[in-house]
Amino acid sequence: MSGKTNLQDGDGKVSRVIRVGTRKSQLARIQTDSIVEKLKGLHPDVNFEIVAMSTTGDKILDTALSKIGEKSLFTKELENALEKNEVDLVVHSLKDLPTVLPVGFTIGAVLKRENPHDAVVLHPKNKGKRLDALVNKSVIGTSSLRRAAQLKRRFPHLEFKDIRGNLNTRLKKLDEKDDFSAIVLAAAGLRRMGWENRISQILGPEDCMYAVGQGALAVEVRARDRDILEMVSVLNDSDTVLSCIAERAFLKHLEGGCSVPVAVYTEVKNSQVYMTGAVFSLDGSDSLKETMQTSISSDNQVVNPLKYRYNFRYSECFEFYTDPFVCNLMIPRLRSRRRLMRRSSVWVSLL
């Protein structure tokens, strides 16, 4: 059981307090507030207290994410608080959460995914244009090797430069200076911030496949806290769970992270999971891509991953549903098509 905290009001009524950990950024707070509102609706007698903190990734803003060399850039401090019983659950953007969790932690819920694609936000002087219409050597800002590798391949007339900071900071850098013609951000974050009007172009999979888990929110809890697991498990969205299990298993098998360009595109339809996985050289000149599908039905019944509802672990669900899909089918096909990638030899060792 979790370390319970109780609160007594002026009438002497005692209510339980659940402490929710989150990052301090405006987007993180919006995402966390949305989950807390759902939980309040289901548990009106519980008092939810939000505990915000800064992470390593929030503090180091002068170095590209790929060069910091830490896989838990946006989660470590939150998980430390969870381990010390300073919070009872933590809300993450799932794409920030490493595929291997600390011992004793588990993912209690993955909520319905927002649009997982990347979006182009243009400098005001380029309003109305698309990436292919920007002038030669226009500079595009992105903090992602995955985005840069794919977009260099798709739009070779453009140049790419690292840009760090939260959404507010990056938009300010775009609008107030002439360093960038456009920046590329996750559409989900822009929509949650209410800035959908800034989106000039949504990048489909033919232009830029998205990051593993992008657009989904996850709730991380201590595995021993059965009451918390039961509380948050009702937030699970089955299609999102299935997609993210497959994506995270693919990433885990490749041992990828912020320092390698791994991309996916996943669909769940007609009782099938379709996933395209790809790895790219850093300059985008070379790539390996494979699309596979697997049935999520068993004995004419659609499999429901939420049978694990009170003890949801990606590893367990993945082994039952999709291990043959990724490890026995997709990875060998990528290996069989492997060729020397001189500019990104890391993939030779990973595949």
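The following questions and answers cover a sheet, the helices on it, a hairpin and some ring contacts in a predicted model.

Local features need pLDDT of at least 70, side-chain atom pairs count only at pLDDT 80 or more, and totals for chains, interfaces and linings use all residues. Residues are numbered from 1 along each chain as its sequence is written, and side-chain values use heavy atoms, with hydrogens and water left out.

Student: In what order do the 5 strands of the open sheet stand?
Tutor: Helices (H or I, at least four residues) and strands (E, at least two) are DSSP runs, numbered from the N terminus. Two strands pair if DSSP finds at least two bridges between them. The pairing in this open sheet is mixed, and the order of its 5 strands is E8-E7-E9-E6-E10.

Student: Which strands stand at the edges, each with a single partner strand?
Tutor: The twist of this sheet averages 30° from one strand to the next. A strand with a single partner has one side left without a neighbour in the sheet, so the edges are E8 and E10.

Student: Which residue of E10 is the bridge partner of Asp118?
Tutor: E6 and E10 pair in the antiparallel sense over 3 bridges. The partner of Asp118 in E10 is Leu203.

Student: At about what angle does H5 run to E9?
Tutor: Axes are lines fitted to C-alpha atoms, for helices over the stretch in contact (heavy atoms within 4.5 Å). Angles run from 0 to 180 degrees between N-to-C directions. H5 lies across E6, E8, E9 and E10, and its angle to E9 is about 125°.

Student: Which strands does helix H6 touch?
Tutor: H6 spans residues 167-176 and packs on the sheet, with its direction at about 165° to that of E9. The strands touched by H6 are E6 and E9.

Student: Which residue caps the N-terminal end of H5?
Tutor: H5 covers residues 145-154, and its buried residues (under 20% relative accessible area, 1.4 Å probe, protein chains only) include Arg146 and Leu151. The backbone nitrogen of Arg146 lies 3.2 Å from a side-chain oxygen of the capping residue, Ser144.

Student: Which residue in E13 stands opposite Val264?
Tutor: E12 and E13 run antiparallel and are joined by 8 bridges. Opposite Val264 in E13 stands Gly277.

Student: Is Asn270 buried or exposed?
Tutor: Asn270 is found in the loop between E12 and E13. This residue has a positive phi of about 50° although it is not a glycine. Exposed means over 50% relative accessible area. The value for Asn270 is 68%, so the residue counts as exposed.

Student: What is the phi of Ser271?
Tutor: Most residues other than glycine have a negative phi. Ser271 is found in the loop between E12 and E13, and is partly exposed (from 20% to 50%) at 27% relative accessibility. Although Ser271 is not a glycine, its phi is positive, at about 60°.

Student: Why is the pair of Tyr210 and Tyr265 edge-to-face?
Tutor: A search of the whole structure finds 1 aromatic pair. Rings of Phe, Tyr and Trp (its six-membered ring) pair if their centres lie within 6.5 Å; planes under 30 degrees apart count as stacked, over 60 as edge-to-face and the rest as tilted. The centres of Tyr210 and Tyr265 are 6.1 Å apart and the planes stand at 65°, so the pair is edge-to-face.

Student: How many residues apart in sequence are the parts that this pair ties together?
Tutor: Tyr210 is buried at 2% relative accessible area, whereas Tyr265 is partly exposed at 24%. Tyr210 lies in the loop between E10 and E11 and Tyr265 in E12, so the separation in residues is 55.

Key. Polar contact = N/O pair within 3.5 Å; in protein donor to acceptor, adjacent residues only side chain to side chain.
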